[in-house]
Amino acid sequence: QNQELVQAAQNLNKVITIHSCSTNNDDATKDDDTLLLPFSGKKIIFTGAIVFGDIKMTRSQGQEIAKTVLGAQSTPTTIPTTKNDGTIVIYGLNTEKNKKVKQAQSLTIPTMSAQEFIQLYQ
């Protein structure tokens, strides 16, 4: 599994631009570069099977990739009840109309298919 994560990180490195953060702080050093990842600071919720083509992963594997490769803050299991707090719902095979996805859409929480998630980290 770790080898898969390393490969995913290497693949992601090919498509993500690294931006330099400039500050006016005199204490800042030249090493203050920050890698901006697609899910930085976001909460990622998975629902359904994560499958695309020949790639199949468990929810746990998806959660691990979301956090370690794509920069997610956390991977909770429940939808926030009041507002979008930086959450994204990733729905799996045949779940685009399930309860979690409908609840997310009613709260204007962004959703992403498992296919889009897999393509993002490949």
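How many of the five residues of β3 are buried? Four of them are, and β3 is therefore largely enclosed by the rest of the structure; buried here means under 20% relative accessible area, exposed means over 50%, and partly exposed lies in between, with a 1.4 Å probe and protein chains only.

Before going on, note that this is a predicted model, in which local features need pLDDT of at least 70 and side-chain atom pairs count only at pLDDT 80 or more, while totals for chains, interfaces and linings use all residues. Residues are numbered from 1 along each chain as its sequence is written, and side-chain values use heavy atoms, with hydrogens and water left out.

**The whole chain**

Colour the protein by secondary structure, and you should find four helices and seven strands, which follow one another from the N terminus as α-β-β-β-β-β-α-β-α-β-α. Helices (H or I, at least four residues) and strands (E, at least two) are DSSP runs, numbered from the N terminus. Of the 122 residues, 34% count as buried. Among the contacts with a separation of 6 or more, 66% are made by residues 24 or more positions apart, where contact means heavy atoms within 4.5 Å.

**The three-stranded sheet**

Select β3 (43-47), β6 (87-91) and β7 (111-113) together. They form an open sheet in the order β3-β6-β7, with parallel pairing; two strands pair if DSSP finds at least two bridges between them. The edge strands are β3 and β7, each of which pairs on one side only. Neighbouring strands of this sheet are turned by 25° against each other on average, direction ignored.

Next, show the pairing between β3 and β6, which is parallel and extends over five bridges. Lys 43 has Thr 87 as its bridge partner in β6, Ile 44 stands opposite Ile 88, and Phe 46 stands opposite Ile 90. On the other side, β6 and β7 run parallel and are joined by three bridges, and Val 89 has Thr 111 as its bridge partner in β7. Between these two strands the chain passes through α3, in a β-α-β crossover that is right-handed, meaning that, with the strands pointing away from the viewer, the path from the first strand over the helix to the second runs clockwise.

Now keep β6 alone. Five of its five residues are buried, so β6 is largely enclosed by the rest of the structure. Thr 87, Val 89 and Tyr 91 point one way from the strand, while Ile 88 and Ile 90 point the other way. In a regular strand the side chains alternate between the two faces of the sheet.

In β7, select Ser 113, which counts as buried because its relative accessibility is 13%. Leaving aside neighbours within four places in sequence, Ser 113 is in contact with Ile 90 and Tyr 91.

**The helices across the sheet**

Add α3 (residues 99-106), which lies across β3, β6 and β7 and runs at about 140° to β3. Then add α4, which also lies across β3, β6 and β7, at about 80° to β7. These angles run from 0 to 180 degrees between N-to-C directions, the axes being lines fitted to C-alpha atoms, for helices over the stretch in contact.

Within α4, Ala 114, Phe 117, Ile 118 and Tyr 121 are buried. They cover an arc of only 95° around the axis, which puts them on the same side of α4; the arc is that of the directions from the helix axis to the C-beta atoms.

**The nonpolar cores**

A nonpolar core is a set of buried Ala, Val, Leu, Ile, Met, Phe, Trp, Tyr and Cys residues joined through side-chain atoms within 4.5 Å. In the largest one, of 17 residues, select Phe 39, Ile 44, Ile 90 and Phe 117, which touch the most other members. At least two residues each come from β3, α2, β6 and α4 (114-121), and α4 gives the most, with four residues. Apart from this core lies another, of eight residues, including Ile 45, Tyr 91, Val 101 and Ala 104.

Centre the view on Phe 39, whose contacts, not counting residues up to four places away in sequence, include Ile 44, Ala 66, Leu 70, Ile 88, Ile 90, Met 112, Phe 117 and Leu 120.

**A last stop in a loop**

Finally, select Thr 81, in the loop between α2 (59-68) and β6. Thr 81 counts as exposed because its relative accessibility is 64%. Its C-alpha is 9.0 Å from that of Ala 104, although the two are 23 residues apart in sequence.
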